[in-house]
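Welcome! Please take a look at the sequence and the 3D structure below, and then we can walk through part of it together.

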Amino acid sequence: MKAAFFMRHGGPEVLQYGDVPDPVAGPGELLVDVHAASVNAADWKMRAGSYAPVSRFPYVLGRDFSGVVAALGQGLSDFKVGDPVFGVCDVGQEGAYAEKIAIKAAIVASKPDALSHAECAALALTGLTALFSIEDTLQLVPGETILIQGGAGGVAGFAIQLAKHIGARVVTTASAANHAYVRGLGADQVIDYRTEDFTQKVSGCDAVFDTVGGEVALKSFAVLRSGGRAAFIASGTSAPPSPRTDLRAYRPKVGRDRRHLERIVALVLSGVVRAPEIRRYPLSDAAAAHAVSEGRHLRGKLVFDVR
């Protein structure tokens, strides 16, 4: 099968496009013909060697996908060949930048006819991350105020819409070019991170959801009220240490399960959340897509048309 892969760590230029062995569905797994896969920040961090170094090559990246069931592993009855599905690889697994992937059936959900493969791929990991962060971790409730850092990104864009659906007041940061976009998602207040200091524009927040990391994450503690809480997804495997003892800081554990994927579908089909703005690439242009993603100023999601 064709896939985008790398043989050594490095910049986007190390990504290659070519043939790799086909996967085989084991017991309890589906073999899926991948139609679309999305680009996540974790992909280029893995490629660059920012995580644990890879020791087996060729290494195929990619964590979320949408496609069609091609074969069933032993013991499966809840799907059949030809069913459209989407999902996110289990923790520790990658391989969605390819024409086929083998994955546990228990963490895959049916793709609705109303959503394209590209939309489902774009919504999968972003949706899971937002749901686990906003609902399961921060437990946001109506009437609260939340600051969502980096509002134009895929995860943050989903989170803005989810927070508004819950009934919260949403403040977000974005460049001036993206202000209309994030307001269209439901943001009540938008702060231009390039020209304004968000710590001078908002205070007393009940919650912060940071998708940016670095100095932005550290400064985010300053806008919280006493007893507030913050969730961080761009600061590594744990939340940054809080400079205050009256706050709670979390690194959400983003699980993989069918229930949360089905909730994503329900939210989208009911009109609560819309799919992010999507920029599409052929899988053979993986290096170009990574260069854009690594620049960290994109709006919405980058998606590969795999077939």
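## Where β9 meets β12

In this predicted model, Q149 stands opposite D210 in β12. That pair belongs to a wider link: strand β9 (residues 145-149) and β12 run parallel and are joined by four bridges.

## On to β13

D210 turns up again here, since this residue also stands opposite F232 in β13. Strand β13 covers residues 224-232, and five bridges connect it to β12, with the two running parallel.

How do you get from one strand to the other? Helix α6 (residues 214-220) joins in, and together β12, α6 and β13 make a right-handed β-α-β unit.

## The whole sheet

Now step back to see six strands forming an open sheet, in the order β11-β10-β9-β12-β13-β14, with parallel pairing. At the edges are β11 (189-192) and β14 (248-250), each of which pairs on one side only. From one strand to the next, the twist averages 15 degrees.

Towards the β14 edge, β13 and β14 pair in the parallel sense over three bridges. Here you can find A231 opposite Y250 in β14.

## What surrounds β12

Is β12 buried or exposed? Buried: six of the six residues of this strand (residues 205-210) fall under 20% relative accessible area, so β12 is largely enclosed by the rest of the structure.

One element to look for is helix α3 (residues 154-166), which lies across β9, β10 (169-174) and β12. This helix runs at about 170 degrees to β9.

Key: Residues numbered from 1 in each chain as written. Predicted model: local features only at pLDDT ≥ 70, side-chain atom pairs only at ≥ 80, totals over all residues. Heavy atoms only, no water. Buried < 20%, exposed > 50% of the residue type's maximum accessible area, 1.4 Å probe, protein only. Pairing = 2+ DSSP bridges. Right-handed = clockwise from strand over helix to strand, strands pointing away. Axes fitted to C-alpha atoms, helices over the stretch in contact; angles between N-to-C directions. Contact = heavy atoms within 4.5 Å.
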